[in-house]
Amino acid sequence: MTQRKPTLHDVAKLAEVSIATVSNVLNDKNNELSDKTKEKVLTAIEKLNYAPNQFARGLKTGQSNIVAFIVPDQNPFFTEVLTSLNDACQQHNLQVAVASSEENEQRQNELIDIFLAQNVSAIIVAPVTSQLAIKEEWKKIPILTLDREVANSKLPCISVNNEEAAYKATERLINQGCKRIGLLLANSDIGTTPRRRNGYELALNDNNLELDENIIFYSNLSQGTEAQVQSGYHATLKLLQEKVPAILATNHLLLLGALQACKEMNKAIREDVIIIGFDDSYWNEIFTPRLSVISQPAKEIGEVAGEMIHDLIKGERVKSTKLATQLIIRDSCSFL
């Protein structure tokens, strides 16, 4: 026989409080409750293993306590952001639902419409282009952009200083004696792309090096995760054939393609070419040679995004935030 799931009434009875008090705790409306009362409710919830029916709550209240997170691809960077975002949201009784647009603007907009229809409490999106036409119905709920800024938009954003990041990486390669540095970029429509190119160009200019358009490559117009890996691969084949001594890959997927090309052409990193990528992960440490990268603070981005979206749901105004990156020097960015 299936065991009956605990109800709101069961929690209230065990905690010896009213159903309204339990509801206030669940909805984070507990400013006037004593710490002792909140603790009694939380203890009862844990003891009963109570989980509110989010769908039913959404139908009744118009909000589901679910935050939609629309990522643009399967870059591990967004997985790391999701982990800390989920932890931060759970502190406020919010759950995160994730979907991927695969760098497709139509799909992205469809997902926003779908989540709106499901009464999500808010949406966090990494936009697939630097433009985001806000529909009138989208204005009904909070929307936060993440990683990628949107031009001429009043939407708050959590991102990093991409220009500074690319500048630091390019300058490091220049300091290794490289006068020609291949640049692998994502699609030109993505908000981070022009800023990373600007940082690259500024570093060349500050070091009196000429800009060579022939060694700058954008991800092709095909959309999705695999398209970016393939773009990095084909661009790196050309760079290696031209004996370009250094490569800056401006995201993790482009870096994967670059490494694949080096392997297939039997080109040794540190002997034939040096490389810096974007986004850090544990495998960068165990790869041989260990990979130098611009590390974006994915954990902090997720944590800050969780707090920002919670404030937006409460009706508070938030300011866009731009976090710092770190250039992590390992083996791949210096010759033997």
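**Exercise 1. Find what share of the chain's residues is buried in this predicted model.**

Start with the chain length, which is 336 residues. Next, apply the cut-off: a residue is buried when its relative accessible area is under 20%. Buried residues then come to 50% of the chain. For the surface that remains open, the chain exposes about 16,900 Å², with 47% of this supplied by carbon and sulfur atoms.

**Exercise 2. Describe the overall build of the chain.**

Begin by counting elements: the chain has 12 helices and 12 strands. Then take the extent of the C-alpha trace, which spans about 75 × 40 × 40 Å along its principal axes. Finally, look at contacts between residues at least 6 apart in sequence: 69% of them join residues at least 24 apart.

**Exercise 3. Work out which strands stand at the edges of the open sheet, and why one side of each lacks a neighbour.**

First, write down the order of the 6 strands, S2-S1-S3-S4-S5-S11, paired in parallel. Now turn to the two ends: strand S2 (95-100) and strand S11 (321-323) each have a single partner strand, so one side of each has no neighbour in the sheet. To finish, add the twist, which averages 20° from one strand to the next.

**Exercise 4. Trace the pairing of S1 with S3, then identify the helix that packs on the sheet.**

Strand S1 (residues 66-71) pairs with strand S3 (residues 122-125) in the parallel sense, over 4 bridges. Within this pairing, Phe-69 has Ile-124 of S3 as its bridge partner. The helix is H12 (residues 298-313), which touches S1, S3, S4, S5 and S11. As a last step, compare directions: that of H12 makes about 165° with that of S4.

Key:
Residues are numbered from 1 along each chain as its sequence is written. This is a predicted model: local features need pLDDT of at least 70, side-chain atom pairs count only at pLDDT 80 or more; totals for chains, interfaces and linings use all residues. Side-chain values use heavy atoms; hydrogens and water are left out. Buried means under 20% relative accessible area, exposed over 50%, partly exposed in between (1.4 Å probe, protein chains only). Contact means heavy atoms within 4.5 Å. Accessible areas come from the Shrake-Rupley method with a 1.4 Å probe; for residues, only the protein chains shown count as cover. Two strands pair if DSSP finds at least two bridges between them. Axes are lines fitted to C-alpha atoms, for helices over the stretch in contact, and angles run from 0 to 180 degrees between N-to-C directions.
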